[in-house]
Amino acid sequence: MRSKTLLITCYIVPLLFFAIMGGIFTSVMPEARYTLIQSMTVFGVTMGALIGLPPSLVEIYSSDIKKIYKANGVPLSLGLALTNISAYIHLFLMSMILYIAAPLVFNAEIPKNPGMYFISLAVFIAVSLCIASIIGLAVKDQAKTSMFSIIVFLPSIMLSGILFPIELLPKAFKTTGKLFPAAWGYKLMTGNVFKFGSLLPLLLIFILAVVTCNILLRRVDK
């Protein structure tokens with residue numbers, strides 16, 4: 001927990017959002033308790049990944065840390081791997097807190113298929129971190145990194161279906177929302193049965209993101 005950014009984005013803000021919005025959702029829309037765990041988790045993971053991870057990568061690859069890596073023969077990919085593993089663990093722990101707290105605090109319904117839910121969660125976290133890694137590797141200025149993170153974060157949340165039914169959105173917004181992992185992650189986690197049609201877009205985004213990160217790492221190494 002040495003990183004204040006990860007502490008704030010992976011724990012404090014998502015849990016505060018859950019405490020406030022969870023009460024609002026269940027009061028205004030009682031049926032929201034059926035998907036409260038999934039919606040709060042999508043918000044928390046998306047924020048922790050997109051807002052929390054990129055600054056850590058900029059700190060490594062746009063500072064003297066990169067020179068220390070190269071001077072000691074350490075692969076530059078190690079920094080990317082370690083920050084992703086750390087963020088992954090924190091986001092999974094935060095998701096577990098929401099999974100346990102939501103039924104106790106707001107009488108939220110536990111997913112009917114926990115195994116399917118946690119597999120979907122694991123995939124969603126990995127894809128979200130890959131997208132965040134692209135931002136962290138492509139943008140070398142701390143201020144610009146935050147700006148790009150917010151630009152990706154806001155439509156991810158607004159068009160994911162966690163705040164209001166995606167069916168209410170105009171067709172153009174529905175199509176745009178499908179470009180972000182949050183929409184597919186929410187759809188996958190709210191399903192009670194496995195649907196490859198919801199998993200496939202996440203896998204495609206993951207593969208494209210991994211390839212892009214590999215290209216960006218080679219540029220950073222020059």
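The bend at a residue is the angle between axes fitted to the seven residues ending there and the seven starting there. The exercises below use this and a few other cut-offs on a predicted model.

**Exercise 1. Follow helix α4 from its span to its end.**

Task: Where in α4 does a kink lie, and what span does the helix reach?

Solution.
- Step 1. Take the length. α4 covers residues 77–106 and has 30 residues.
- Step 2. Take the span. From the first C-alpha to the last, α4 reaches 42 Å. That is close to the 44 Å expected at 1.5 Å a residue.
- Step 3. Look for the bend. A kink of about 30° lies at I100. The proline P103 follows shortly after I100.
- Step 4. Step past the end. Just after α4, N107 takes a positive phi of about 55°. N107 is not a glycine. Its place is the loop between α4 and α5.

**Exercise 2. Place two residues of α4 in their surroundings.**

Task: Are H90 and S86 buried or partly exposed? Which side chain does the side chain of H90 contact?

Solution.
- Step 1. Locate both. H90 lies in α4, and S86 lies in α4.
- Step 2. Apply the cut-off. Buried means under 20% relative accessible area, and exposed means over 50%.
- Step 3. Classify H90. Its relative accessible area is 13%, so H90 is buried.
- Step 4. Classify S86. Its relative accessible area is 28%, so S86 is partly exposed.
- Step 5. Find the partner of H90. The side chain of H90 makes a polar contact with the side chain of Y11, at 3.0 Å.
- Step 6. Compare sequence with space for S86. S86 and L53 are 33 residues apart in sequence. Their C-alpha atoms are 9.5 Å apart.

**Exercise 3. Classify the aromatic pairs around F118.**

Task: What geometry does F118 form with Y99, and what geometry with Y117?

Solution.
- Step 1. Start with the search. The whole structure holds 7 aromatic pairs.
- Step 2. Take Y99 and F118. Their ring centres are 4.9 Å apart and their planes stand at 50°. Planes under 30 degrees apart count as stacked and over 60 as edge-to-face, so this pair is tilted.
- Step 3. Place that pair in the chain. Y99 is in α4 and F118 is in helix α5, residues 114–138. The two are 19 residues apart, and the pair links distant parts of the chain.
- Step 4. Take Y117 and F118. The centres lie 5.2 Å apart, with 75° between the planes. This pair is edge-to-face.
- Step 5. Add accessibility. Y117 is buried at 1%. Y99 is buried at 13%. F118 is partly exposed at 21%.
- Step 6. Assemble the group. F92, Y99, Y117 and F118 form one aromatic cluster.

A ring can also carry a charge above it. The charged end of R33 sits over the ring of Y34, 4.5 Å from the ring centre.

**Exercise 4. Test C130 and C213 for a bond.**

Task: Why is C130 not bonded to C213?

Solution.
- Step 1. Find the closest sulfur. For C130 it is that of C213, 5.7 Å away.
- Step 2. Apply the cut-off. A disulfide needs the cysteine sulfur atoms within 2.5 Å, so this distance is too far for a bond.
- Step 3. Check from the other side. C213 is in no disulfide, and its nearest cysteine sulfur is that of C130.
- Step 4. Check the total. The structure holds 0 disulfides.
- Step 5. Add accessibility. C130 is buried at 11%, and C213 is buried at 7%.

**Exercise 5. Describe two buried residues, one in a loop and one in a helix.**

Task: Which backbone oxygen lies 2.8 Å from the side chain of S160? How many residues separate L36 and L202 in sequence?

Solution.
- Step 1. Locate S160. S160 lies in the loop between α6 (142–158) and α7 (171–177).
- Step 2. Check burial. S160 has a relative accessible area of 3% and is buried.
- Step 3. Find the contact. The backbone oxygen of I157 lies 2.8 Å from a polar atom of the S160 side chain.
- Step 4. Turn to L36. L36 lies in helix α2, residues 36–61. At 0% relative accessibility, L36 counts as buried.
- Step 5. Take the separation. L36 and L202 are 166 residues apart in sequence. In space they are 22 Å apart, C-alpha to C-alpha.

Methods:
Residues numbered from 1 in each chain as written. Predicted model: local features only at pLDDT ≥ 70, side-chain atom pairs only at ≥ 80, totals over all residues. Heavy atoms only, no water. Phe/Tyr/Trp six-rings, centres within 6.5 Å; stacked < 30°, edge-to-face > 60°. Helix = DSSP H or I, 4+ residues; strand = E, 2+ residues; numbered from the N terminus. Buried < 20%, exposed > 50% of the residue type's maximum accessible area, 1.4 Å probe, protein only. Lys NZ or Arg CZ within 6 Å of the ring centre and 35° of its normal. Expected span 1.5 Å × (residues − 1). Polar contact = N/O pair within 3.5 Å; in protein donor to acceptor, adjacent residues only side chain to side chain.
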